[in-house]
Structure formats: C-alpha cells, structure tokens
Amino acid sequence: MDEENFQSLMRGSYVQNFPPQIDLITEGDPSDFLHIVLSGSVDLFASWSGRDSSLATVRPVATFILAATIKDAPYLMSARTLEKSRIALIPSQDVRAIFDRDSNFARAIVTELSQSYRRKVKAMKDLKLRTSLERLANYLLREQGRSGGDPSFDLPFGKARLASLLGMTPENLSRAFKNLQAYGVTAAGNRITINDQADLEDFARPSPLIDDDRI
C-alpha cells in the first residue's frame with residue numbers, strides 16, 4: 001500500500017499485550033477496531049441460550065474480525081485470548097477510509113476476506129461431511145503438521161475447548177480418543193502420540209479441499 005496511507009492508518013493504532021483468558025470483543029458490539037494477532041492465539045466463539053461454542057482459533061499473523069470492520073457492522077463473534085498475546089488495534093473508521101482510496105490496500109483486504117471465507121467453507125464441510133471420529137482424526141493430523149510433523153506433540157489448548165471446536169461434547173471427545181487407539185493414537189493429558197501414521201491417515205482420509213490452509 002502507499003506509504004502515506006500506511007502512516008495515516010498507523011497514526012491512530014496501538015499495540016497491546018494481553019494475558020490469557022481476556023475478553024477482547026463481544027458479539028453484538030459495534031466493530032470499533034480491527035484486531036491483528038502478532039503473537040499468541042485468540043479464540044473466536046459465540047453464545048446462544050446459555051451455551052458457548054468455539055468457532056475458530058486465530059494465530060499470528062492474522063486479523064479478526066475483518067468483515068465487520070469493512071461493513072461497519074456488529075461483531076458476529078466474541079474473542080478472548082488463549083494465552084499471552086500481543087495484538088495491534090486499528091480504528092475501523094481508518095481502515096474503511098484507506099480502503100476507499102488505496103487500491104492496493106483494498107485488494108489485500110479482498111484477498112484476506114476470500115481466504116477467511118474459504119476457511120469457513122472448509123470448516124463447514126468438516127462439520128457436515130465427517131463423523132465426530134473423522135473430525136478428531138483429521139484435526140490431530142493437522143495439528144501434527146503445525147507442530148513440525150513429529151509423532152508426539154501437545155494440543156495447543158484443553159480438551160474442553162477442543163470438543164467445542166469440533167462440535168462435540170467432552171464425553172463424546174473422550175470416547176473418540178479411546179476409539180482412535182485402534183488406529184495408533186494415544187493421549188496422555190494434552191500429549192498426543194501417533195504410533196501408526198499410515199493407519200491413522202488411511203482412516204482419516206485427509207483432503208486438501210478441507211484440511212489444507214494454503215489453498
């Protein structure tokens with residue numbers, strides 16, 4: 001983007017460190033700021049009738065919730081930190097102003113929104129087309145890849161949130177972990193070990209049209 005426009009955008013922005021489990025935005029509130037996760041991680045979740053559900057995890061470097069900022073609309077999700085996080089906050093009115101006058105910035109915004117849309121479609125396909133056991137198996141394979149591909153790795157958060165993210169109850173998640181033992185998966189707390197990579201992959205059948213964040 002144009003350097004002058006970038007400086008104008010940064011003029012009203014600031015960076016802040018947040019401890020874990022701090023609420024950052026609340027669904028239904030006006031989208032006053034665009035948030036950018038620089039370090040740490042953020043849970044996007046929604047609530048209805050006394051129930052909460054985790055919808056996505058935002059990791060560096062990524063924005064949330066960009067669509068609300070561009071539309072000047074209320075947040076459809078809430079957000080809270082999962083760990084100590086460093087977050088940049090940019091006034092939404094400044095983002096919209098630069099969007100209107102900087103074509104390169106506008107194209108970058110459209111690209112980001114397109115990527116976000118595709119992630120949501122993949123998440124919907126994962127939820128609608130797979131059984132709970134298949135969702136867990138593919139999640140573990142994706143998390144293994146993010147952790148460097150080693151057979152043993154740690155889940156990035158607790159199993160209660162993992163159950164919510166996968167659309168399961170904690171009890172169903174516990175049973176699913178037990179059922180995956182037949183495919184070489186062992187779980188000791190948050191420590192996961194995949195003892196038979198080929199067997200798990202044969203069962204999970206990961207698809208780039210669901211599981212690959214790069215396309």
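Select Tyr183 to begin: in this predicted model the residue is partly exposed, with a relative accessible area of 25%. Tyr183 sits in the loop between helix H7 (170-180) and strand S10 (185-188), and its aromatic partner, Phe203, belongs to helix H8 (residues 197-204), 20 residues apart from it, so that the pair links distant parts of the chain. Add Phe203 to the selection and look at the two rings together: their centres are 4.4 Å apart and their planes are at 25°, under the 30 degrees that the stacked class requires, so the pair counts as stacked. Unlike its partner, which is partly exposed, Phe203 is buried, with a relative accessible area of 16%.

The count of aromatic pairs comes to 2. For the other one, select Tyr14 and Phe33, whose rings lie 6.0 Å apart, centre to centre, with 80° between the planes, an arrangement that is edge-to-face. This pair, too, links distant parts of the chain, since Tyr14 is in strand S1 (residues 14-18) and Phe33 in strand S3 (residues 33-39), 19 residues apart. Both rings belong to partly exposed residues, Tyr14 at 37% relative accessibility and Phe33 with a relative accessible area of 27%.

Next, look for charged side chains placed over rings. Show Phe45 together with Arg80, which lies over the face of the Phe45 ring at 3.8 Å from the ring centre. Then move to Phe177, where the charged end of Lys159 sits over the ring, 4.7 Å from its centre.

Keep Phe177 selected, for it also takes part in the contact between helices H5 and H7. Display both helices and view them along the crossing: their axes come within 10 Å and cross at roughly 70°, an angle that falls in the range of 65 to 115 degrees, and H5 and H7 are therefore roughly perpendicular to each other. On the H5 side the contact is made by Leu133, Leu136, Ala137 and Leu140, while H7 contributes Leu173, Ala176, Phe177, Asn179 and Leu180. Coloured by class, this contact shows 8 nonpolar residues, 1 polar residue and no charged ones.

Stay on helix H5 (residues 132-146) and select Asn138, which lies within it. At 1% relative accessibility, Asn138 counts as buried. If neighbours within four places in sequence are left aside, the residues in contact with Asn138 are Arg130, Ala204, Arg205, Pro206 and Asp211.

From there, go to helix H4 (residues 103-129) and pick Ser116, which at 23% relative accessibility counts as partly exposed. A distance drawn from the C-alpha atom of Ser116 to that of Leu129, 13 residues apart along the chain, spans 20 Å.

The last stop is Thr63, in strand S6 (residues 62-64). Thr63 is partly exposed, with a relative accessible area of 22%. Showing its surroundings, without the neighbours within four places in sequence, brings up contacts with Leu34, His35, Ile36, Val58 and Glu112. To finish, draw a line from the C-alpha atom of Thr63 to that of Pro20: the two residues are 43 residues apart in sequence and 18 Å apart in space.

Conventions. Residues are numbered from 1 along each chain as its sequence is written. Side-chain values use heavy atoms; hydrogens and water are left out. Helices (H or I, at least four residues) and strands (E, at least two) are DSSP runs, numbered from the N terminus. Buried means under 20% relative accessible area, exposed over 50%, partly exposed in between (1.4 Å probe, protein chains only). Contact means heavy atoms within 4.5 Å. Rings of Phe, Tyr and Trp (its six-membered ring) pair if their centres lie within 6.5 Å; planes under 30 degrees apart count as stacked, over 60 as edge-to-face and the rest as tilted. A charge sits over a ring if NZ of Lys or CZ of Arg is within 6 Å of the ring centre and within 35 degrees of the ring normal. Axes are lines fitted to C-alpha atoms, for helices over the stretch in contact, and angles run from 0 to 180 degrees between N-to-C directions. Angles under 35 degrees count as roughly parallel, over 145 as roughly antiparallel, 65 to 115 as roughly perpendicular and the rest as oblique. Ala, Val, Leu, Ile, Met, Phe, Trp, Tyr, Cys and Pro count as nonpolar, Asp, Glu, Lys and Arg as charged, and the others, Gly among them, as polar.
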